[in-house]
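Visitor: I am new to this structure and would like to learn how to read it. Please take me through a few features, one at a time.

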Amino acid sequence: MLTTRFVTGAPNWIDLGTPDIDGAAAFYGGLFGWDFRPGGPEVGGYGLFQLGGRATAGGMQTTPEQGPPSWTVYFQAPDADATARAAEQAHGAVLLQPMDVQDLGRMAILADQAGVSFGLWQPGRNTGLEVVQEPGSLCWIELYTADVPAAAAFYHSVLGLETAGVDFPGGTYTTFNPAGEGEDAMFGGVVPLADDPGEQEAHWLPYFEVGDTDATVARAQELGGTVRMPATDFPGVGRVAKLSDPYGARFAVIRSEPQPGQDVRPL
């Protein structure tokens with residue numbers, strides 16, 4: 001389970017790059033009840049999305065040269081510089097060299113062996129997200145990739161992540177958890193691109209918990225968003241929908257079912 005008890009390799013931050021931060025703030029505010037608190041020029045206008053006064057994401061206005069509108073997932077690293085070097089050694093790339101963000105922490109943007117971008121956050125005064133799992137906050141992440149074993153090997157080498165297989169009707173779902181934390185610390189999964197015709201390119205996809213998936217989908221459409229996958233029941237998991245905001249940033253929403261226990265085995 002994703003928690004705010006962050007350990008090495010766990011997702012501890014998420015942020016949005018968008019061509020219209022004001023428009024994005026209106027969309028996510030209307031969808032999840034987030035408030036946006038813009039930062040000053042010393043942080044390039046980077047601001048915080050808050051849910052009930054607690055940080056649930058970051059966001060900033062970006063240019064086309066900085067890439068398409070998207071969500072970026074950050075993983076906790078005790079030493080961002082060493083982790084960036086490890087990514088290069090594992091045939092990944094460093095897209096943004098490690099840098100200090102005032103006294104808040106140290107960050108970097110990397111790419112895995114398939115070119116999927118992700119971030120590192122080495123906590124300083126900002127230890128990470130202040131709310132997860134609750135409606136309107138991050139609850140799961142999913143990696144879509146063409147080569148699951150290669151992805152598992154890369155993230156194990158770079159972040160120490162461990163994988164396990166969860167059996168379900170029709171196949172096995174590969175999950176991630178931080179090293180040594182066990183199945184209770186599962187925070188995400190890996191999906192072969194070939195298994196989901198709706199996903200055409202490798203990427204990380206964030207999931208946000210909601211109280212009513214269908215109502216959230218309807219509200220997203222009212223606010224100018226797009227439905228990429230309609231609300232769908234996954235037995236034992238929850239009711240899921242995949243969306244994009246008015247600018248094309250992709251995300252998913254889920255009304256999770258309680259998880260009394262799972263058949264999880266190491267891969």
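**Strands, helices and cores**

Guide: Start with strand S7, which is mostly covered: seven of its seven residues are buried. Buried means under 20% relative accessible area, exposed over 50%, and partly exposed in between, with a 1.4 Å probe and protein chains only. Helices (H or I, at least four residues) and strands (E, at least two) are DSSP runs, numbered from the N terminus.

Visitor: What should I know about the model and its numbering?

Guide: This is a predicted model, in which local features need pLDDT of at least 70 and side-chain atom pairs count only at pLDDT 80 or more, while totals for chains, interfaces and linings use all residues. Residues are numbered from 1 along each chain as its sequence is written, and side-chain values use heavy atoms, with hydrogens and water left out.

Visitor: Which residues of S7 point one way, and which the other way?

Guide: Gly105, Met107, Ile109 and Ala111 point one way, Arg106, Ala108 and Leu110 the other way, and all are buried.

Visitor: How do I read the pairing of S7 with S6 and S8?

Guide: Strands of a sheet pair through backbone hydrogen bonds, either parallel or antiparallel. Here two strands count as paired if DSSP finds at least two bridges between them. S6 and S7 pair in the antiparallel sense over six bridges, with Val101 opposite Gly105 in S7. Three residues lie between the strands of this hairpin, where Gln102 takes a positive phi near 50°. S7 and S8 are antiparallel as well, over seven bridges, and Ala108 stands opposite Leu120 in S8. Their hairpin has five residues between the strands, and Gly115 in the turn has a positive phi of about 90°.

Visitor: In what order do the strands of the sheet come?

Guide: Eight strands form an open sheet in the order S2-S3-S4-S1-S5-S8-S7-S6, with mixed pairing. Strand S2 (35–37) and strand S6 (93–101) are at the edges, each with a single partner strand, so one side of each has no neighbour in the sheet.

Visitor: Which strands does helix H3 lie across?

Guide: Helix H3 (residues 148–159) lies across S5, strand S7 (105–111) and strand S8 (117–123), running at about 20° to S8. Axes are lines fitted to C-alpha atoms, for helices over the stretch in contact, and angles run from 0 to 180 degrees between N-to-C directions. Contact means heavy atoms within 4.5 Å.

Visitor: How do I find the buried face of a helix?

Guide: An α-helix has 3.6 residues a turn, so residues three or four places apart point the same way. In helix H4 (residues 213–222), the buried residues are Thr213, Thr216, Val217 and Ala220. Seen down the axis of H4, these fall within an arc of 100°, so they line one face of the helix; the arc is that of the directions from the helix axis to the C-beta atoms. Among what covers them are helix H1 (21–32) and strand S14 (226–234).

Visitor: Which residues touch the most other members of the largest nonpolar core?

Guide: In soluble globular proteins, nonpolar side chains tend to be buried together. A nonpolar core is a set of buried Ala, Val, Leu, Ile, Met, Phe, Trp, Tyr and Cys residues joined through side-chain atoms within 4.5 Å. In the largest one, of 63 residues, Tyr28, Trp71, Trp204 and Phe251 touch the most other members. H1 gives the largest share of this core, seven residues. A second, separate core of 10 residues includes Cys139, Val191, Leu205 and Ile254.
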